[in-house]
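Hi,

Here is the structure I said I would pass on. Have a look first, and my notes follow underneath.

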Amino acid sequence: DLESHLLRCQQLPVTVLTDHQYLNNTDLKTILNSTAPRQYRIRAKLRTYKPQKLYQSIKLHCSKCNSLTEVPDRDGFDFILRSSAVTDPNPELHKMSWYDSVMWTTEDQKQRKIAIHFVKHDEMLQQPEDTLLMIEGGTLKEVHKLAKRFRCVIPVRSTELDLELLDLSAPFLLQGNIKYYGCKQCSTPKPVKSLSSIAAEQQPSWEAAEIAQVLGVELLQYVFIMRFTLVDGTGALNAYLLDY
């Protein structure tokens, strides 16, 4: 795997690039004193690489503002869900023309009120594998359980006039094991009723990019990024690997 390969590279006397044979080797000191962009071929040793754990290499990238952010952890998502559950679902927003709603109260001490809104197509509910639903008041465990069975799950909360997305620190959409996030800086969230335009399509695909667009969310992409520090005795150069 990559981690063991990097360890072997650190143990070797030098790491050699096999491409660009037509270029002569250039000292790192010369490269550091040069103005980009130029092409060089180097002969150097891998001194360190970061991050040390591969899972820490996964970041979220916004192609619009070019920002890189950490992938939020489960605790953060759980906190946002619990905070939104403090406000009860608004019954006046149930049974709209483009979705059917079900609401119940949990039997535990907190007696949470949970509402699930199933988006319809041609005034009919679809099969679970084709269905987008929105959930209010759900816990992390409940949201993940629904995401395993239904095509799309969007956590929402009630206002006086419409359903709205939660804080974009949380995923705005879940599809199976994949969580989709939006850029806080570049997004301008719209009311959830904007989804009715996709539901009205002849064959709704419920693709993440299309959902993000109608909801005014700038979709973040998962990227893999690492930093390698290369040395050759004349200087040290940081090289970055970035890929989607």
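**Aromatic pairs and what lies around them**

Trp98 and Tyr99 are both buried. Before going further, please keep in mind that this is a predicted model.

I started with these two because they turned up in a search for aromatic pairs, which found 2 in the whole structure. The ring centres of Trp98 and Tyr99 are 4.8 Å apart and the planes sit at 85°, so this pair counts as edge-to-face. The other pair is Phe118 with Phe150, and it is tilted, with 5.9 Å from centre to centre and 55° between the planes. Which parts of the chain does that pair tie together? Phe118 belongs to strand E6 (residues 113-119), while Phe150 is in the loop between helix H4 (140-149) and E8, so the pair links parts that are 32 residues apart in sequence. Phe118 and Phe150 are both buried too.

Phe150 comes up again with Pro128, a residue in the loop between E6 and E7. Beyond its neighbours within four places in sequence, Pro128 is in contact with Arg149, Phe150 and Arg151. If you want a feel for distances, Pro128 and Leu60 are 29 Å apart, C-alpha to C-alpha, with their positions 68 residues apart in sequence.

**The nonpolar cores**

The largest nonpolar core has 26 residues, and the members touching the most others are Met134, Ile154, Phe172, Leu195 and Ile211. Several elements give it two or more residues: strands E7 (132-136), E8 (152-158) and E9 (163-165), plus helices H5 (196-199) and H6 (208-214). H6 provides the largest share, 4 residues.

Leu195 is a good place to click if you want to look around in there. Setting aside neighbours within four places in sequence, Leu195 is in contact with Trp98, Leu132, Met134, Ile154, Trp206, Ile211, Val214 and Leu215. So Trp98, from the edge-to-face pair, is among the contacts of Leu195.

There is also a second, separate core of 17 residues, including Phe77, Leu81, Leu146 and Val153.

**Spaces inside and at the surface**

How many cavities of 30 Å³ or more are there? The count is 1, and the volume of this largest cavity is about 30 Å³. Its lining is made up of Ser84, Thr87, Glu136, Gly137, Val156, Arg157 and Ser158. E8 gives the most to that lining, 3 residues. By type, the lining splits into 1 nonpolar, 4 polar and 2 charged residues.

As for pockets, the second largest holds about 150 Å³ of space. It is lined by 13 residues, and those closest to its centre are Thr69, Gly182, Cys183, Lys184 and Leu220. This lining divides into 6 nonpolar, 5 polar and 2 charged residues.

**One more residue to look at**

Is Ser57 buried or exposed? Its relative accessibility is 0%, so Ser57 counts as buried. Ser57 is found in the loop between strand E2 (43-50) and strand E3 (58-61). Not counting residues up to four places away in sequence, Ser57 touches Pro51, Val223, Phe224, Ile225 and Met226.

That's the tour. Shout if you would like to go through any of it together.

Cheers

How values were computed: Residues are numbered from 1 along each chain as its sequence is written. This is a predicted model: local features need pLDDT of at least 70, side-chain atom pairs count only at pLDDT 80 or more; totals for chains, interfaces and linings use all residues. Side-chain values use heavy atoms; hydrogens and water are left out. A nonpolar core is a set of buried Ala, Val, Leu, Ile, Met, Phe, Trp, Tyr and Cys residues joined through side-chain atoms within 4.5 Å. Buried means under 20% relative accessible area, exposed over 50%, partly exposed in between (1.4 Å probe, protein chains only). Contact means heavy atoms within 4.5 Å. Rings of Phe, Tyr and Trp (its six-membered ring) pair if their centres lie within 6.5 Å; planes under 30 degrees apart count as stacked, over 60 as edge-to-face and the rest as tilted. On a 1 Å grid over the protein atoms alone, a cavity is a set of points where a 1.4 Å probe fits but cannot get out, and a pocket is an open set with protein on both sides within 12 Å along at least five of seven lines; lining residues have an atom within 4 Å of a point. Grid points are joined across faces, edges and corners, and a volume is the space filled by probe spheres set on the points. Ala, Val, Leu, Ile, Met, Phe, Trp, Tyr, Cys and Pro count as nonpolar, Asp, Glu, Lys and Arg as charged, and the others, Gly among them, as polar.
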